[in-house]
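Colleague: Hey, got a minute to walk me through this one? I'm new to reading these, so keep it simple.
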Amino acid sequence: MNRVAVTGQGLVCALGNTVAEGWARLIAGECRILPMKDPGSPPYKFRNGAEAWDFKPLDHFTEKDLVMLERFALLAVVAAREAVAQSGIRFEGDLSDRSAVITGSSVGGQFTEEEGYIRLYRENNPRVTPLTIPRTMANAGASRISLEFGIHGPAYTVATACSSSNHALGQAFWMVRNGQITAAIAGGSEAVFAEGLLRAWEAMRVVAPDVCRPFSADRKGLSLGEGAGMLVLENWNHARARGAAILGEVIGFGMSSDAHHITQPCVEGPAKAMDWAIRDADISPDQVDYINAHGTGTLANDVTETQAIRTVLGKRADSVLVSSTKSMHGHTLGAAGAIEAVACLLALKHGIVPPTVNFTARDPACDLNVIANEARTAQMQIALSNTFAFGGLNATLVLKGSED
Amino acid sequence: MPEQVEDALAEKVIRVIAHTQRIPPESVSLDSTFEALKIDSLDGINIVFELEKEFNIEIPDDGVQNLRSVRDTVEGVRTLVRSKDQAAPSGAA
């Protein structure tokens with residue numbers, strides 16, 4: 001089995017347009033869940049969201065590109081460009097056939113679909129744009145990335161709601177580890193601030209009226225966010241041979257299905273995913289230093305996740321460092337795992353745990369070592385990154401800091 | 001007259017619950033618990049959505065989380081309908 005190095009990272013979300021901008025805000029504990037640009041008419045029951053505030057498509061793309069690509073795909077491409085540039089990898093010759101693009105997106109392009117419905121049902125105009133299909137397809141970002149970098153190997157998109165990008169990263173990791181591919185651009189993206197989608201989230205009554213407060217006693221739900229995270233995963237020896245800087249390592253992945261309820265979480269499923277990931281990494285639970293929790297801030301998730309962590313980590317659960325960075329960049333749904341994997345790798349590299357902000361009071365039902373409101377320095381080697389999705393689909397990555 | 005209206009209200013709530021759950025209305029009584037009717041939290045949100053439409057009311061999130069039975073639901077809806085009627089300008093339908 002091959003070791004799997006991370007040689008590039010890309011990030012664009014409410015925290016900023018680059019990994020460096022994002023990290024600065026993560027360790028500053030800056031909540032970027034702010035009043036939405038469009039508050040809705042009538043107003044949504046939640047006023048805040050974590051939009052990619054500083055993202056200006058024309059800074060990165062031509063007008064023609066914007067005709068072809070929706071926001072979720074644009075975000076994916078920008079994050080992939082940053083990751084590839086940092087990696088210095090060039091997908092040429094055999095490597096282009098032995099590399100993959102695997103992305104996650106919960107719903108793909110919603111804006112074009114909604115515009116089409118407005119034409120059809122409000123304006124009684126049956127002429128919807130012929131670009132509806134290529135703009136909305138969930139693989140639009142993956143396809144554009146493969147086109148842009150000339151990658152001819154496997155390219156596809158995983159849609160497993162909030163676990164999408166952890167499933168994408170996990171599959172890419174296994175493929176590199178097993179030797180089926182040499183490198184991959186993997187991660188995910190989501191652009192949720194489309195009116196129909198926001199109304200659907202509103203109807204589910206899981207969005208906090210103000211901001212999400214993961215693991216805090218007074219939490220009232222999640223905060224929606226948009227963005228993208230991408231990693232370049234690479235065969236360790238290949239990365240070493242070309243002199244690439246190794247930013248960290250993916251060492252394990254596990255997944256499970258609750259088979260319990262379509263939206264209600266349970267303890268067993270997430271515990272199985274974490275347990276599998278730890279066994280896949282061939283480590284013991286005592287070696288886990290930090291958990292970037294799924295930590296959505298809903299009443300149900302944070303309690304069941306606490307119990308799942310206790311089930312898997314046993315005594316270690318008393319001391320393992322836990323935070324939910326969703327308190328700063330929002331719940332980015334299909335991009336969550338990728339953005340949080342970037343946060344984990346940076347935490348391991350710098351020895352700093354990004355905090356759970358907006359935290360006001362401990363909840364006895366969430367009795368973990370939650371790093372509240374301010375970042376903390378800590379020596380860490382290994383982190384878990386959890387994602388649990390509606391539909392009961394769980395995926396956990398195990399990440400290790402760089403030895404460089 | 002209030003008695004009649006209130007009975008009608010309970011019947012309407014029961015009809016909405018039955019329709020949403022796709023079960024016969026006669027299987028739902030005021031004394032039924034959500035647990036007995038196999039109504040889980042997602043079903044509850046769906047029922048509340050339909051009740052808001054039926055009665056033209058807005059049910060707060062806190063209220064939704066406390067619903068455990070048909071009687072709770074009927075009384076909750078009754079309170080909201082009354083306060084809406086009181087808030088309406090005199091002469092309004």
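Modeller: Sure, one term to start with: helices (H or I, at least four residues) and strands (E, at least two) are DSSP runs, numbered from the N terminus. This is a predicted model, where local features need pLDDT of at least 70, side-chain atom pairs count only at pLDDT 80 or more, and totals for chains, interfaces and linings use all residues. Residues are numbered from 1 along each chain as its sequence is written, while chains are lettered from A and ligands numbered from 1 in the order in which they are written.

Colleague: Cool. Where does A161(A) sit?
Modeller: A161(A) is in the loop between strand 5 (155–158) and helix 8 of chain A. Its phi is positive, about 50°, although A161(A) is not a glycine.

Colleague: And is A161(A) buried or exposed?
Modeller: Buried means 20 or more other C-beta atoms within 10 Å of a residue's own, exposed means 12 or fewer, and partly exposed is in between, with C-beta atoms placed from the backbone. A161(A) has 21 C-beta neighbours inside 10 Å, so it counts as buried.

Colleague: What about N56(B), buried or exposed?
Modeller: N56(B) is exposed, with 9 other C-beta atoms within 10 Å. N56(B) has a positive phi too, about 55°, and is not a glycine. You'll find N56(B) in the loop between helix 2 (41–55) and helix 3 (61–65) of chain B.

Colleague: How many helices and strands does chain B have, then?
Modeller: Four helices and zero strands. Along the sequence, that reads α-α-α-α. Of the 93 residues in chain B, 17% are buried.

Colleague: Switching to chain A: which domains is it divided into?
Modeller: Domain 1 (4–241) and domain 2 (252–401). Those bounds come from an automatic or database domain assignment. The C-alpha centres of the two domains of chain A lie 20 Å apart.

Colleague: How many residues of domain 1 of chain A are in contact with domain 2?
Modeller: 60 residues of domain 1 of chain A are in contact with 57 residues of domain 2. Contact here means that the C-beta atoms of two residues, placed from the backbone, lie within 7 Å. On the domain 1 side, the largest share, eight residues, comes from helix 8 of chain A. That side divides into 30 nonpolar, 22 polar and eight charged residues. For these classes, Ala, Val, Leu, Ile, Met, Phe, Trp, Tyr, Cys and Pro count as nonpolar, Asp, Glu, Lys and Arg as charged, and the others, Gly among them, as polar.

Colleague: How many residues does each chain give to the contact between A and B?
Modeller: Seven from chain A and seven from chain B. The chain A side has three nonpolar residues, three polar and one charged.

Colleague: Okay, how many residues are in the largest nonpolar core?
Modeller: 132 residues, and L75(A), A172(A), A184(A) and L233(A) have the most contacts inside it. Both domain 1 and domain 2 of chain A give residues to this core, so it lies between them. A nonpolar core is a set of buried Ala, Val, Leu, Ile, Met, Phe, Trp, Tyr and Cys residues joined through C-beta atoms within 7 Å.

Colleague: Which residues does L233(A) touch?
Modeller: Leaving out residues up to four places away in sequence, its partners include V4(A), V6(A), F173(A) and V250(A). There's also a second, separate core of 14 residues, which includes V13(B), I14(B), I39(B) and I59(B).
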